[in-house]
Amino acid sequence: MCGRATVTNPEGIEEKVYGFSTRFVPTEWRPRYNLNPREDIPVVHVDDSGERSLRLMHWNFVPGHLASREQVMSFDSQYSTFNAKIERAAIAPTFRSAWRKQRCLVVVDGIFEWVGAKGVKTPHLVRRRDRATFAMAGLWSVWRGHDGEELWSCAIMVGPSAEWYLPFHHRMAAILPPASYDAWLDPALTDAAAVEETLKAAPYSHSEHLESVIVSKRINNPRYDAPDCLVPDAAA
DNA sequence: CCAGACGTTGTT
DNA sequence: GTCTGG
DNA sequence: CCAGACGTTGTT
DNA sequence: GTCTGG
């Protein structure tokens with residue numbers, strides 16, 4: 001599954017790779033070594049004006065139809081929508097609209113997985129062998145309050161793991177090959193089954209492009225976000 | 001047609 | 001145990 | 001995802 | 001908003 005990530009080099013999210021023309025990101029965008037659900041994560045999507053944009057979004061999908069800020073806060077804290085199941089998104093009430101019309105790429109350069117039972121869990125970082133950024137299939141949403149307030153949010157698609165990933169988890173994020181970006185992002189592609197087809201190309205069904213390394217248990221603490229999260233702890 | 005409901009993943 | 005917060 | 005908190009009555 | 005149910 002995907003519940004922790006890194007964006008160690010925001011500048012590595014390049015326009016020419018992901019094809020966006022507009023950026024809605026902070027001028028001071030510091031690297032993240034320990035990025036958690038319900039924090040801001042970079043997303044590439046086609047917005048209402050048809051522009052392909054890079055934007056930070058709240059990593060926990062919140063439906064746009066909620067009537068008040070209170071309902072938004074309540075939904076966000078009550079439900080874990082930072083992942084969405086590929087098998088369910090087309091029909092699940094929260095996701096079905098976004099599945100047809102509001103798909104996105106969630107762009108990071110690493111994701112964490114924990115191996116082992118509670119108490120003896122070892123954190124691993126999964127990243128590209130070339131350390132470049134990569135894109136996971138996602139869904140996005142925007143909630144607009146009456147006073148102009150906006151909450152942009154997103155979920156990462158997960159499905160059954162490829163065999164090489166099973167040591168980490170039985171579910172894995174849908175990592176997309178660049179050739180699939182356009183189809184996945186295309187708002188004109190609204191047929192649910194056709195959408196699912198665009199995820200069928202599974203270049204990461206093996207570990208050719210990805211590797212894993214053991215990292216520090218410091219990563220366990222979601223409040224700790226520093227480069228030394230990404231190196232192994234000294235032997236005991 | 002209108003009224004009314006309307007939410008998730010993962011873990012053990 | 002369960003919820004909140006990061 | 002994991003870590004850490006987890007409480008009350010009354011008053012302004 | 002968008003879907004379901006009557």
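**Note on the predicted model: DNA contacts, a pocket and a sheet**

1. The structure discussed here is a predicted model. In it, a backbone N or O atom of Gly 3 lies 3.4 Å from a sugar or linking oxygen of DNA strand D. The neighbouring entry in this set of contacts is Arg 4, with a polar side-chain atom 2.7 Å from a sugar or linking oxygen of DNA strand D. Asn 220 contributes through its backbone: one of its polar backbone atoms is 3.0 Å from a sugar or linking oxygen of DNA strand D.

2. The wider surroundings of DNA strand D comprise 13 residues, and the closest are Met 1, Gly 3, Arg 4, Lys 121 and Asn 220. By class, the residues of this surface divide into five nonpolar, four polar and four charged. Of the atoms of DNA strand D within 4 Å of the protein, 73% belong to sugar or phosphate, and the rest belong to bases.

3. DNA strand E is surrounded by His 65, Arg 96, Arg 100 and Lys 101. The surface near DNA strand E has three charged residues, one polar residue and no nonpolar residue. Lys 101 makes a contact with the backbone of the DNA: an N or O atom in the side chain of Lys 101 is 2.5 Å from a phosphate oxygen of DNA strand E. Within 4 Å of the protein, 53% of the atoms of DNA strand E belong to sugar or phosphate, with the rest in bases.

4. The second largest pocket deserves a separate point. Its volume is about 220 Å³. The lining consists of 13 residues, and those nearest the centre of the pocket are Pro 63, Gly 64, Thr 94, Ser 97 and Ser 141. Two elements, helix 3 (96-101) and strand 10 (134-144), each supply at least two residues of this lining. In terms of class, the lining of the second largest pocket has seven nonpolar and six polar residues, and no charged residues.

5. Turning to the fold, the model contains an open sheet of five strands in the order 3-1-8-9-14, with antiparallel pairing. Its edge strands are strand 3 (32-35) and strand 14 (210-214), each of which pairs on one side only. From one strand to the next, the twist averages 30 degrees. In general, the strands of a sheet pair through backbone hydrogen bonds, in either a parallel or an antiparallel manner.

6. One pairing within this sheet may be followed residue by residue. Strand 1 (residues 5-7) and strand 8 (residues 110-115) run antiparallel and are joined by two bridges. Thr 6 has Gly 110 as its bridge partner in strand 8.

Notes. Residues numbered from 1 in each chain as written. Chains lettered and ligands numbered in written order. Predicted model: local features only at pLDDT ≥ 70, side-chain atom pairs only at ≥ 80, totals over all residues. Heavy atoms only, no water. 1 Å grid on protein atoms, 1.4 Å probe; cavity = no way out; pocket = protein on both sides within 12 Å on 5 of 7 lines; lining within 4 Å. Points joined across faces, edges and corners; volume = space filled by probe spheres on them. Helix = DSSP H or I, 4+ residues; strand = E, 2+ residues; numbered from the N terminus. Nonpolar A, V, L, I, M, F, W, Y, C, P; charged D, E, K, R; others polar. Near = heavy atom within 4 Å. Polar contact = N/O pair within 3.5 Å; in protein donor to acceptor, adjacent residues only side chain to side chain. Pairing = 2+ DSSP bridges. Axes fitted to C-alpha atoms, helices over the stretch in contact; angles between N-to-C directions.
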